[in-house]
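Hello,

Here is the structure I promised to pass on. Please open it first, then read my notes below.

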Amino acid sequence: MPTASFETSFETLPSNQPMADEIRDNILKNPGFGRYFTDHMAHIRWTGDADWHGHQVRPYGPLTLDPAASVLHYGQEIFEGIKAYRHADGSIWTFRPEKNAERFRRSARRLALPELSDEDFIGSLKALLAQDHAWVPTPASASDECSLYLRPFMIASEAFLGVRPSQEVDYYVIASPAAAYFKGGVAPVSIWLSSNYKRAAPGGTGFAKCGGNYAASLAAQKEAEAHQCGQVAFLDAAENKWVEELGGMNLFFVFKDGRLVTPRLTDTILEGVTRNSVLTLAKDEGLTPEERAISIDEWREGAASGEITEVFACGTAAVITPVGELVSGNERIRLTADNNSNEVAMRIRTKLLDLQYGRSEDKYGWLTKLV
Ligand SMILES: *Cc1c(COP(=O)(O)O)cnc(C)c1O
């Protein structure tokens with residue numbers, strides 16, 4: 001079912017230099033990820049005494065920030081990631097935006113930023129897409145996973161070097177056309193098991209989607225790349241034993257008997273919208289989802305015995321990515337060749353994509369029309 005329509009009105013200041021159709025169409029043929037941006041951005045301002053105000057869609061361009069703006073010094077910032085999909089009839093939809101809006105408020109509370117309503121969050125996506133709908137690529141076929149990636153974010157912009165929550169905050173949405181995450185088809189990734197670094201600690205910001213978590217993960221990411229791994233898996237900070245997640249994706253383990261296990265949510269794990277959707281779709285696929293603690297020993301032993309048949313990671317950007325092996329300083333945990341078909345991961349992946357692109361019935365009411 002479509003969700004309620006949001007009537008927040010955004011003032012629109014159209015760009016007088018939009019990208020020429022021909023250049024944009026060329027970009028859309030090969031957009032990569034996060035490299036090109038649309039003609040406009042949405043903006044809402046917050047101040048301690050005037051709440052949220054000044055809703056606008058205006059030309060995309062550099063921000064003017066005071067060098068003392070607190071985001072530049074203390075990292076008071078949060079963000080979201082969500083996609084717009086073009087369906088076969090040309091209409092444009094997004095996936096479970098109310099989940100992202102809710103998470104954005106959770107992140108805001110943790111970072112002492114003001115909360116934004118569903119109405120403003122979803123309204124900002126609609127207002128931006130009303131201008132920039134031509135930037136949503138049209139899939140050439142059912143295997144063409146192109147989309148427009150939307151990046152809402154909120155920054156502390158007050159010019160003040162004292163350490164306290166900013167009394168001036170700006171919320172923006174920018175948009176970037178995206179090709180399929182994997183050129184030439186989905187391929188299992190190698191994951192680096194970080195032993196020098198932790199992503200999150202109890203009481204910290206692990207459950208919030210904030211820039212600081214990513215900044216703190218980059219040294220581990222460099223380490224991963226030096227070992228030919230594309231992503232980093234983090235263990236818990238307290239015991240160095242429990243599998244948590246990757247730098248930007250949640251993890252799932254498929255067991256031979258049909259159980260589908262993912263680490264249960266704690267304040268050190270980010271609740272992915274994809275994770276939540278996979279748990280629901282898994283039941284339709286006859287799997288038994290389990291949210292519980294899973295240790296690195298269980299992963300190692302399960303992979304060796306064949307008890308664990310697949311491991312996959314999931315998130316909005318890459319949808320579902322099979323994990324081929326886990327690499328650490330002194331070992332490689334591989335999934336044995338004969339049961340490493342990634343059949344379950346690929347089946348759920350197709351289910352999810354068919355839903356997002358409007359090729360199957362939206363029986364959970366997960367789609368919201370943007371244009
Ligand atoms: C964004 C993110 C995810 C995935 O969330 P989705 O809503 O599925 O895109 C997982 N882990 C971390 C740390 C993230 O930042």
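How do the residues that line the second largest cavity divide into nonpolar, polar and charged? There is 1 nonpolar residue, there are no polar ones, and 5 are charged. Keep in mind that this is a predicted model.

Let me stay with that cavity for a moment. The second largest cavity holds about 40 Å³ of space. Its lining consists of Lys99, Glu102, Arg103, Arg106, Glu271 and Val273. Helix α3 (residues 97-110) gives the largest share of this lining, 4 residues.

Now the overall layout. The domain assignment gives domain 1 (3-180) and domain 2 (189-353). Their C-alpha centres lie 28 Å apart. The two domains touch: 18 residues of domain 1 are in contact with 21 residues of domain 2.

Next, the other cavity. The structure holds 2 cavities of 30 Å³ or more. The largest cavity has a volume of about 150 Å³. It is lined by 16 residues, and the closest to its centre are Tyr85, Phe95, Thr274, Thr316 and Gln356. Three elements, β5 (82-86), α6 and α8, each supply at least two residues of this lining. Domain 1 and domain 2 each give at least three residues to the lining of the largest cavity. By type, that lining has 8 nonpolar, 6 polar and 2 charged residues.

Helices α6 and α8 deserve a second look. Helix α6 covers residues 273-284, and helix α8 covers residues 343-356. How do their axes meet, and at what angle do they cross? The axes come within 10 Å and cross at roughly 110 degrees. Angles of 65 to 115 degrees count as roughly perpendicular, so α6 and α8 are roughly perpendicular to each other. On the α6 side, the contact is made by Thr274, Ser277, Val278 and Leu281. On the α8 side, it is made by Ile348, Lys351, Leu352 and Leu355. The residues of this contact divide into 5 nonpolar, 2 polar and 1 charged. Find Thr274 in your viewer: this residue belongs to the contact of α6 with α8, and Thr274 is also among the residues closest to the centre of the largest cavity.

Last, the largest pocket. About 620 Å³ of space lies in it. Which residues are closest to the centre of the largest pocket? They are Lys209, Tyr214, Gly248, Met249 and Ala317, out of 33 that line it. Several elements give two or more residues to this lining: β7 (147-156), α5 (211-226), β10 (231-235), α6 and β15 (308-315). Which of them gives the most? That is α5, with 5 residues. The lining of the largest pocket divides into 15 nonpolar, 12 polar and 6 charged residues. It draws at least three residues from each of domain 1 and domain 2.

A quick recap for your first session. Start with the lining of the second largest cavity, with its 5 charged residues. Move on to α6 and α8, whose axes cross at roughly 110 degrees. Then turn to the largest pocket, where both domain 1 and domain 2 contribute to the lining.

Best wishes

Note on methods. Residues numbered from 1 in each chain as written. Predicted model: local features only at pLDDT ≥ 70, side-chain atom pairs only at ≥ 80, totals over all residues. Heavy atoms only, no water. Axes fitted to C-alpha atoms, helices over the stretch in contact; angles between N-to-C directions. Parallel < 35°, antiparallel > 145°, perpendicular 65-115°, else oblique. Contact = heavy atoms within 4.5 Å. Nonpolar A, V, L, I, M, F, W, Y, C, P; charged D, E, K, R; others polar. 1 Å grid on protein atoms, 1.4 Å probe; cavity = no way out; pocket = protein on both sides within 12 Å on 5 of 7 lines; lining within 4 Å. Points joined across faces, edges and corners; volume = space filled by probe spheres on them. Domains from an automatic or database assignment.
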